[in-house]
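Here is a short tour of one protein and the ligand it holds. Take a moment with the sequence and the 3D view, then read on.

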Amino acid sequence: MGLRQILVLALALLLMTACSSGQSTVTYNNLPPGDAGRGEALFTQTVNGAPACSTCHTLDGSTLVGPTLQNYVTTAEDHAEDATVESYTLTSIVRPAAHIVAGFPNAMYAQYAQRLSDQELADLIAYLLTL
Ligand code: HEC
């Protein structure tokens, strides 16, 4: 293979990586300020075709498909390891497979990164951090 072909191949690979990462590269610091009140409402709503969080998560300690989010902040501090609770929470929503809570299947809806706006993500995180 000539140098030219190698360069073309490298460029194609670079473009593929750039495109596939898409919106999933959102970081907490790039989000607008969140509103916990709006997040509380969003928690029980279908948004842009995505299922409501409350379909799978309770706030009263009982288990549906996913773990309860009762006392979420304490749990998140425990699960976040080196990350902040904010960025752990964002990752848990937009890339649920990145951390799987022990004892649960990798069954969280996986399209929130495409369905929720940055504002909606910020609002949900602000709400979860009041729990
Ligand atoms: C289809 C069911 C389902 C839906 C809908 C869902 N989740 Fe989950 N969620 C899960 C499951 C199962 C887990 C545990 C496995 C894992 O860690 O991905 C989980 C894990 C989490 C965690 C990590 C909890 C911990 O103890 O560390 C957070 C935070 C979370 N979900 C938030 C949300 C939010 C916010 C929404 C709505 C935007 C949502 N989930 C919608 C099923 C769901």
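Of the 131 residues in the protein, 27% are buried. Please keep in mind that this is a predicted model. The protein has six helices and zero strands, so its elements, read from the N terminus, run α-α-α-α-α-α, where helices are numbered as DSSP runs. Among the helices that will come up below are α2 (36–43), α3 (72–79), α4 (85–94) and α5 (112–115), as well as α6 (118–128).

## The iron site

Which residues coordinate the iron atom of the ligand? His 57, through NE2, and Met 108, through SD, do so at 2.0 to 2.2 Å. The iron atom has six donor atoms, and the angles among them range from 87 to 179 degrees, giving an octahedral site. The two coordinating residues link distant parts of the chain: they are 51 residues apart, with His 57 in the loop between α2 and α3 and Met 108 in the loop between α4 and α5.

Are the two residues buried or partly exposed? His 57 has a relative accessibility of 14% and therefore counts as buried, since the cut-off is under 20%. Met 108, at 32%, counts as partly exposed because its value lies between the limits of 20% and 50%.

His 57 has a further partner within the protein. A polar atom of its side chain lies 2.8 Å from the backbone oxygen of Pro 67.

## Around the ligand

The ligand takes up the space of the largest pocket. The elements giving two or more residues to the shell around the ligand are α3, α4 and α6. In total, 26 residues surround the ligand, and those that come nearest are Cys 53, Cys 56, His 57, Tyr 88 and Met 108.

Several polar atoms of the protein face oxygen atoms of the ligand, as the table shows.

| Residue | Protein atom | Distance to an oxygen atom of the ligand |
|---|---|---|
| Tyr 88 | polar side-chain atom | 2.4 Å |
| His 99 | backbone N or O atom | 3.1 Å |
| Pro 96 | polar backbone atom | 3.3 Å |

Tyr 88 thus appears twice in this part of the story: it is among the residues that come nearest to the ligand, and its side chain offers a polar atom at 2.4 Å from a ligand oxygen. For Pro 96 and His 99, by contrast, the atoms concerned belong to the backbone.

## Buried spots elsewhere

Thr 89 belongs to helix α4. With a relative accessibility of 1%, Thr 89 counts as buried. What joins its side chain to that of Tyr 72? The two side chains share a polar contact of 2.8 Å.

The loop between α2 and α3, which holds His 57, is also home to Ala 52 and Gly 66. Ala 52 is buried, with a relative accessible area of 10%. Its C-alpha atom is separated by 10.0 Å from that of Ala 41, which is 11 residues away along the chain. Gly 66 is likewise buried, at 9%. Between the C-alpha atoms of Gly 66 and Gly 103 the distance is 9.7 Å, and 37 residues part them in sequence.

Gln 119, in helix α6, gives another pairing across the sequence. Its C-alpha atom and that of Gly 39 are separated by 9.5 Å, although the two residues are 80 apart along the chain. Gln 119 has a relative accessibility of 28%, which means that it counts as partly exposed.

## Two backbone angles worth a look

Most residues other than glycine have a negative phi. Which value does phi take at Asn 71? It is near 55 degrees, a positive value in a residue other than glycine. Asn 71 sits in the loop between α2 and α3.

Glu 81 has a positive phi too, near 50 degrees, and is again a residue other than glycine. Glu 81 is placed in the loop between α3 and α4. Its relative accessible area is 69%, so Glu 81 is exposed, the cut-off being over 50%.

Terms used. Residues numbered from 1 in each chain as written. Predicted model: local features only at pLDDT ≥ 70, side-chain atom pairs only at ≥ 80, totals over all residues. Heavy atoms only, no water. Donors = N, O, S within 2.8 Å, 3.2 Å for Na, K, Ca; no water. Tetrahedral: all angles 85-135°; square planar, octahedral: opposite > 155°, others 65-115°. Helix = DSSP H or I, 4+ residues; strand = E, 2+ residues; numbered from the N terminus. Buried < 20%, exposed > 50% of the residue type's maximum accessible area, 1.4 Å probe, protein only. Near = heavy atom within 4 Å. Polar contact = N/O pair within 3.5 Å; in protein donor to acceptor, adjacent residues only side chain to side chain. 1 Å grid on protein atoms, 1.4 Å probe; cavity = no way out; pocket = protein on both sides within 12 Å on 5 of 7 lines; lining within 4 Å. Sits in = over half its atoms within 2 Å of the grid points.
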